[in-house]
Amino acid sequence: MLDFIKETTDVWTKLRTTAKPVILYGMGNGADKIIDWCESNGVQVQGIFASDGFVRYQQFRGFTVCSYQDIIERFGEDILIVIAFASELPEVLNKFRELANKHEVLAPHLPLFAEADTVSCQWLHKYEQQLQQVYEKLADEQSRKVFAAALNYKLSGDIRYLFACETDRREDLSSLFVFKEDEVYLDLGAYNGDTVQEFLELTGGSYCRIIAVEPDRRNFNKLERLHETLKENFITHNKGVWRQADEKGFSDSGGRQSTLLAAQKKMVPVDSIDNLCRNQMVTYIKMDVEGVEKEALEGGRETISRCKPKIMTAAYHYDVDIFLLPLFLWQLVPEYRIYLRKHPYIPAWELNFFAVI
């Protein structure tokens with residue numbers, strides 16, 4: 001086993017073997033998945049509670065959704081709380097911390113895509129060589145800390161691993177990257193323009209060119225409003241990113257989770273990094289493309305090898321991305337220094353690689 005893996009029991013075994021009442025915090029898709037697993041594995045969920053502002057004593061999967069205080073009065077303090085929803089809101093994350101200081105709290109790591117293989121003891125053994133290689137080659141100790149914490153969390157569900165390694169995204173961008181006045185920025189998964197705004201703040205509004213790519217039509221309409229204020233050297237594409245030019249099925253949700261994977265709602269055009277850049281210089285690529293990061297990088301072989309741009313890419317949509325993405329980047333640019341950072345979110349979303357010469 002890998003030396004940096006401290007956990008030996010996965011989250012589902014913990015749920016099967018606990019003597020404590022299992023209580024869910026939250027409703028929705030995550031809670032549905034957890035209850036389904038519990039029902040099929042002989043684990044009895046004994047209650048569900050919501051944050052005080054959401055308690056309506058409504059019914060969910062046969063449970064009356066009550067308050068945290070109701071749960072404590074009924075079961076006492078010695079309970080196992082299962083967090084069943086995702087959040088990046090500071091007030092919610094603080095609530096998670098408070099609960100973890102009082103009780104055993106788990107947030108099971110669930111795959112974002114149904115067919116995905118997730119971290120388990122068998123998974124760690126299967127990919128041991130690749131994981132060890134990336135761990136040793138990461139650029140600094142904080143990266144190795146994040147790498148180990150993310151894997152230990154995904155195996156165990158213990159949210160304390162994530163809290164122990166979080167850093168601030170803006171501070172990381174400012175400290176790991178140097179932004180100049182002549183940056184050429186390729187924003188893949190530009191959403192509503194929030195990361196374009198982030199780039200402008202990092203550069204003080206000075207840049208050479210911005211190329212923003214967003215396939216979701218509603219998100220793209222919001223991006224275009226920003227485009228109207230920054231017409232000069234600002235190019236937008238209402239398409240997705242892929243290995244090559246094509247059309248792909250797409251879930252047009254209007255949110256951050258719009259994806260090309262397992263999606264059949266509509267067809268959208270997609271293109272490659274190499275086609276989007278067309279032999280032009282690129283100095284910075286930000287990539288959060290909802291699970292097709294590897295395919296996007298494959299479509300950028302020539303551009304990345306030639307330009308050696310700064311790259312920030314999401315690393316949490318598939319568990320294998322934690323080693324596949326850096327290994328592929330090192331194939332293209334062996335001299336890349338690659339850092340891994342975890343930004344505030346429960347579960348282990350907002351896990352990002354930073355690659356720089």
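**Figure 1. The two sides of helix H11.** On one side of helix H11, Arg 225, Glu 228 and Thr 229 are exposed. This is a predicted model, so please read each view with that in mind. Now look for the buried residues of H11: Asn 219, Phe 220, Leu 223, Leu 226 and His 227. They cover an arc of only 110 degrees around the axis, which puts them on the same side of H11. A simple rule helps here: an α-helix has 3.6 residues a turn, so residues three or four places apart point the same way. What covers these buried residues? The cover includes helix H10 (194-203), strand S8 (209-213) and strand S9 (234-237).

**Figure 2. The length and the N-terminal cap of helix H11.** Helix H11 takes in residues 217-229, which makes 13 residues. At 1.5 Å a residue, H11 should span 18 Å, and its end C-alpha atoms are 19 Å apart, which agrees. At the N-terminal end of H11 you can find the cap, Asp 216. One of the side-chain oxygens of Asp 216 lies 3.0 Å from the backbone nitrogen of Arg 218.

**Figure 3. Tyr 153 and its surroundings.** Here we meet Tyr 153, which belongs to helix H7 (residues 141-156). Is Tyr 153 buried or exposed? Its relative accessible area is 0%, and buried means under 20%, so Tyr 153 is buried. Leaving aside residues up to four places away in sequence, Tyr 153 touches Ala 107, Pro 108, His 109, Asp 158, Ile 159, Tyr 161, Leu 162, Pro 347 and Ala 348. Zoom in on Ala 107, and you will see its backbone oxygen 2.7 Å from a polar atom of the Tyr 153 side chain. For a sense of distance, try Arg 61: between this residue and Tyr 153 there are 27 Å in space, C-alpha to C-alpha, and the two are 92 residues apart in sequence.

**Figure 4. Strand S13 with its partners S7 and S14.** Which way do the residues of strand S13 (residues 284-287) point? Tyr 284 and Lys 286 point one way, Ile 285 and Met 287 point the other way, and all are buried. Strand S13 pairs with strand S7 (residues 184-188) in the parallel sense, over four bridges. To trace one bridge, start at Asp 187 and go to its partner in S13, Lys 286. Strand S13 also runs parallel to strand S14 (residues 310-314), and four bridges join these two. Here you can follow Met 287 to its bridge partner in S14, Thr 313.

**Figure 5. An open sheet of three strands.** In this sheet the order is S10-S12-S11, and the pairing is mixed. Strand S10 (240-241) and strand S11 (246-250) stand at the edges, each with a single partner strand, so one side of each is left without a neighbour in the sheet. Strand S11 and strand S12 (residues 266-271) are joined by five bridges and pair in the antiparallel sense. Look for Gly 249, which stands opposite Met 267 in S12.

**Figure 6. Stepping back to the whole protein.** How many helices and strands does the protein have? The secondary structure comes to 15 helices and 16 strands. A compact globule of 357 residues would have a radius of gyration near 21 Å, and the protein has 21 Å, which agrees. Taken along the principal axes, the C-alpha atoms fill a box of roughly 65 × 45 × 35 Å. Of the 357 residues, 58% count as buried.

Definitions and conventions. Residues are numbered from 1 along each chain as its sequence is written. This is a predicted model: local features need pLDDT of at least 70, side-chain atom pairs count only at pLDDT 80 or more; totals for chains, interfaces and linings use all residues. Side-chain values use heavy atoms; hydrogens and water are left out. Buried means under 20% relative accessible area, exposed over 50%, partly exposed in between (1.4 Å probe, protein chains only). Contact means heavy atoms within 4.5 Å. A polar contact is a pair of N or O atoms within 3.5 Å; within protein, one must be able to donate a hydrogen and the other to accept it, and residues adjacent in sequence count only if both atoms are side-chain atoms. The expected span of a helix is 1.5 Å times one less than its number of residues. The arc is that of the directions from the helix axis to the C-beta atoms. Two strands pair if DSSP finds at least two bridges between them. The radius of gyration is taken over C-alpha atoms; the globule rule is 2.2 Å times the number of residues to the power 0.38.
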